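Hello,

Here is the structure I promised to pass on to you. Have a look at it first, and then read on for a short tour of what turned up in it.

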Amino acid sequence: VVLGMVYDFLPFMLLPIYNSMTRIKNDWIEAALDLGANKVTIFFKIILPLTISGVISGIVMVFVPSLTSFAISQILGGGKVLLIIEQDFVHGSQWGAGSGLSLVLMVFVLISMALVNLFDKEGDQSALW
């Protein structure tokens, strides 16, 4: 089940990171190399801070659907692997607990969207909405 979900959601993580990495100019990396920075320093001082918005966006785009993808766990797991919200709604008949988990998930999505807007370096929020 885990391998199937990784295979399913991998593009949703890689594409935002790739999109944020295409904005990094090669001149910045060449300037850091000319100034004596090694590859580890370039990664932590240039590449990681400029791609953090893509990483956070990818986390949001993978985390939320993976919690609610009941079909993948049913097909690949044969009904033996239950997701958190599915346990409350379908098998436990605990509608209040399932609704509470759904509300917590929605609050997490709103907080993560605010973090993506906060870490967006260029101020272009058109990709988020």
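**What turned up**

Let's begin at V6, which sits in helix α1, spanning residues 2-21. Please keep in mind throughout that this is a predicted model. With a relative accessibility of 45%, V6 counts as partly exposed. Its C-alpha atom is 9.3 Å from that of S66, although the two positions lie 60 residues apart along the chain.

**The chain as a whole**

Before going further into the helices, here is the overall picture. The protein chain has 6 helices and 0 strands, so its pattern along the sequence reads α-α-α-α-α-α. Of its 129 residues, 26% are buried. Among contacts with a separation of 6 or more, 57% are between residues 24 or more positions apart. The accessible surface of the chain is about 8,700 Å², and carbon and sulfur atoms account for 70% of that.

**Helix α1**

How far does α1 reach from its first C-alpha to its last? The helix has 20 residues and spans 27 Å, close to the 28 Å expected at 1.5 Å a residue. Even so, α1 bends by about 45° at F9, and a proline, P11, follows within four residues.

The buried residues of α1 are M5, F9, P16 and S20. Helices α3 (39-67) and α4 (70-77) are included in what covers them. S20 is a good one to look at: its relative accessibility is 2%, so it counts as buried. Leaving aside residues up to four places away in sequence, S20 touches L50, T51, S53 and G54.

**The aromatic pairs**

How many aromatic pairs are there? The count comes to 2. In one of them, the ring centres of F9 and F12 are 6.2 Å apart and the planes meet at 45°, so this pair is tilted. F9 and F12 are 3 residues apart in α1, which means about one helical turn separates them. Is each partner buried or partly exposed? F9 is buried, with a relative accessible area of 8%, whereas F12 is partly exposed at 38%.

The rings of F43 and F44 also pair, with their centres 5.2 Å apart and their planes at 80°, so this pair is edge-to-face. F43 has a relative accessibility of 38% and is therefore partly exposed.

**Helix α3**

Next comes α3, where the end-to-end distance tells a story of its own. This helix has 29 residues, but its end C-alpha atoms are only 36 Å apart, short of the 42 Å that a straight helix would reach at 1.5 Å a residue. Where does α3 bend? There is a bend of about 50° at L48, and a proline, P49, follows within four residues.

The buried residues in α3 are I42, I46, I47, T51, S53, G54, I56, S57, G58, V60 and S66. Two of these are worth finding on your screen:

- I56 belongs to helix α3 and is buried, with a relative accessibility of 14%. Its C-alpha lies 8.7 Å from that of M113, while the two residues are 57 apart in sequence.
- S57 is also placed in α3, and at 15% relative accessibility S57 counts as buried. Not counting residues up to four places away in sequence, S57 touches P16 and V116.

P16 is one of the buried residues of α1, and α3 is among the helices covering the buried residues there. The S57 contact with P16 is therefore a handy place to see α1 and α3 meet.

**Helix α4**

The last stop is α4, where I72, S73 and G77 are buried. They cover an arc of only 95° around the axis, which puts them on the same side of α4. After α4 comes G78, whose phi is positive, near 65°.

If you would like a route through the model, you could start at the bend at F9 in α1, move to S20 and its contacts, and then follow α3 past its bend at L48.

Enjoy exploring, and write back with any questions.

Best wishes

Methods. Residues are numbered from 1 along each chain as its sequence is written. This is a predicted model: local features need pLDDT of at least 70, side-chain atom pairs count only at pLDDT 80 or more; totals for chains, interfaces and linings use all residues. Side-chain values use heavy atoms; hydrogens and water are left out. Helices (H or I, at least four residues) and strands (E, at least two) are DSSP runs, numbered from the N terminus. Buried means under 20% relative accessible area, exposed over 50%, partly exposed in between (1.4 Å probe, protein chains only). Rings of Phe, Tyr and Trp (its six-membered ring) pair if their centres lie within 6.5 Å; planes under 30 degrees apart count as stacked, over 60 as edge-to-face and the rest as tilted. The expected span of a helix is 1.5 Å times one less than its number of residues. The bend at a residue is the angle between axes fitted to the seven residues ending there and the seven starting there. Contact means heavy atoms within 4.5 Å. Accessible areas come from the Shrake-Rupley method with a 1.4 Å probe; for residues, only the protein chains shown count as cover. The arc is that of the directions from the helix axis to the C-beta atoms.
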